[in-house]
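Hi everyone, thanks for having me. Today I'd like to walk you through one protein and the way its parts meet, so let's put it on the screen.

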Amino acid sequence: MSIRANDPTISSWLQVKTASDFPIQNIPFGVFLTPDDVITIGTRIGDHAIDLGALHQLGYFEGIPLTDDIFLQDTLNDFISDGKKTWRLVRNRISEIFEASNPKLRDQKKHREAVLFSMSEVEMQLPVQIGDYTDFYSSKEHATNIGKMFRDPENALLPNWLHIPVGYHGRSSTIVPSGTAIKRPKGQTLPKGANQPVFGPSKMVDFELEMAFITTDANAMGESVPVDQAEDHIFGLVLFNDWSARDIQKWEYVPLGPFLAKNFASSISAWIVTLDALEPFRVESPQQKPDPLPYLRHSGNNSFDIHLEAAIETPDGISTIVTKSNFKYMYWSMAQQLAHHTINGCKVNSGDMMGSGTISGTGEESFGSMLELAWQGTKPITLSNGDTRTSIQDQDTVVLKGYCSRNGYRIGFGEVRTRLLPA
Ligand code: MN
């Protein structure tokens, strides 16, 4: 399958810095507020924000079956509902419009002025209205680390883990875009050695280095999505910081799993990078042993080589990268997650979001949370300014970044940046 917009030889008449996350081969989708306070669906090339609502009104999507107001909306849900064929036609058309040799928009000053903004003058919004949010637990290394700490080092993985993409239903009401500050949560914890809980601000706020995929309407209630068709229902991915309060989590999570330790905030990057744009970066998933049950079996390259990192920026402005991981370490693929999610007939809608779970690699330097990096507070991390951390402190900013890179071209996600405010 060849996707025109992914051709690495194409360059744009818009200026793009080398090593930009957003070359003309990316063409992500997002929602932004223009300087005139107009909300629109857009894309991005280099540091240029492109108003797709304006482009459509000017006739640039002629021949593609789109409703007149498809981009004049404050969420991408309806566009995502249009399906993969339409997403691909639109991405390919955007690529054509901005290709260096195409004069149509390039030489039309009035149109250019209506369509183009600088990234610094627009305000990014949450790209979709997230109806339902599910978080998986699909990194074997992460699940093993947590099992060692919270349960039994000898039997770190629970017996179901190698057979089921384990997950839980989260809440979408507190998912916020990059740049939105969050508050340290309060809650119940059981102090070490105590037999009665206390109430107060969490003392162990943590990030989780994750990615999340956004779905389209995948099925009717009662039907399931076969594993080999699941990717057709995935629109794209974002970076995902699944904020967690470890002390609240430890006290509350038995027997039904995460609750208030997780639903006070989760942060996503503002641009959804399509699965189509990630196509050139496919890689094999880790080998699965034992074989999963037939409904979860698939062949081919089902993962993506996406470099991930997390940094802590202290109030003095000094930033320290505390971990480097990769999306390809995920044991369960997105296709398996979606097939499993719907195998019982659970309905998945346009704009639903599925978190990968914390993505840890094998080495200590690739663990995806402070809980693991500082091993439950026993091994503090030293930052560039000499401070130490076992968890995130008030006024720290956590920044997650992610990108793919191959043969000199790079497709990135930008960042998700979140400051933690006091309780
Ligand atoms: Mn999580």
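How many Å separate the centres of domain 1 and domain 2, taken over C-alpha atoms? The answer is 29 Å. Please keep in mind that we are looking at a predicted model. To find your way around, use the domain assignment: domain 1 covers 4-124, and domain 2 covers 133-421.

Now to the place where they meet. Domain 1 brings 28 residues to the contact, and domain 2 brings 27 residues. Between the two domains, about 2,200 Å² of area is buried, and carbon and sulfur atoms give 59% of that. Which residues of domain 1 lose the most area to domain 2? They are Asp21, Ile80 and Trp87, and together they make up 26% of what that side buries.

Let's turn to the polar side of the story. There are 14 residue pairs in polar contact between domain 1 and domain 2. The interface also has three salt bridges. Here is a salt bridge you can look up yourselves: Arg88 pairs with Asp276, and their closest N and O atoms are 2.8 Å apart.

And which elements give two or more residues to the side of domain 1 that touches domain 2? We find two strands and two helices there: strand 1 (30-33), strand 2 (39-45), helix 2 (77-81) and helix 3 (84-98). If you sort the residues of that side by kind, you get 14 nonpolar, nine polar and five charged.

That's my tour, and I'm happy to take your questions.

Technical notes
Residues are numbered from 1 along each chain as its sequence is written. This is a predicted model: local features need pLDDT of at least 70, side-chain atom pairs count only at pLDDT 80 or more; totals for chains, interfaces and linings use all residues. Side-chain values use heavy atoms; hydrogens and water are left out. Domain bounds come from an automatic or database domain assignment. Contact means heavy atoms within 4.5 Å. Buried area is the accessible area (1.4 Å probe) that two parts lose on being put together, summed over both. A salt bridge is a side-chain nitrogen of Lys or Arg within 4 Å of a carboxyl oxygen of Asp or Glu. A polar contact is a pair of N or O atoms within 3.5 Å; within protein, one must be able to donate a hydrogen and the other to accept it, and residues adjacent in sequence count only if both atoms are side-chain atoms. Helices (H or I, at least four residues) and strands (E, at least two) are DSSP runs, numbered from the N terminus. Ala, Val, Leu, Ile, Met, Phe, Trp, Tyr, Cys and Pro count as nonpolar, Asp, Glu, Lys and Arg as charged, and the others, Gly among them, as polar.
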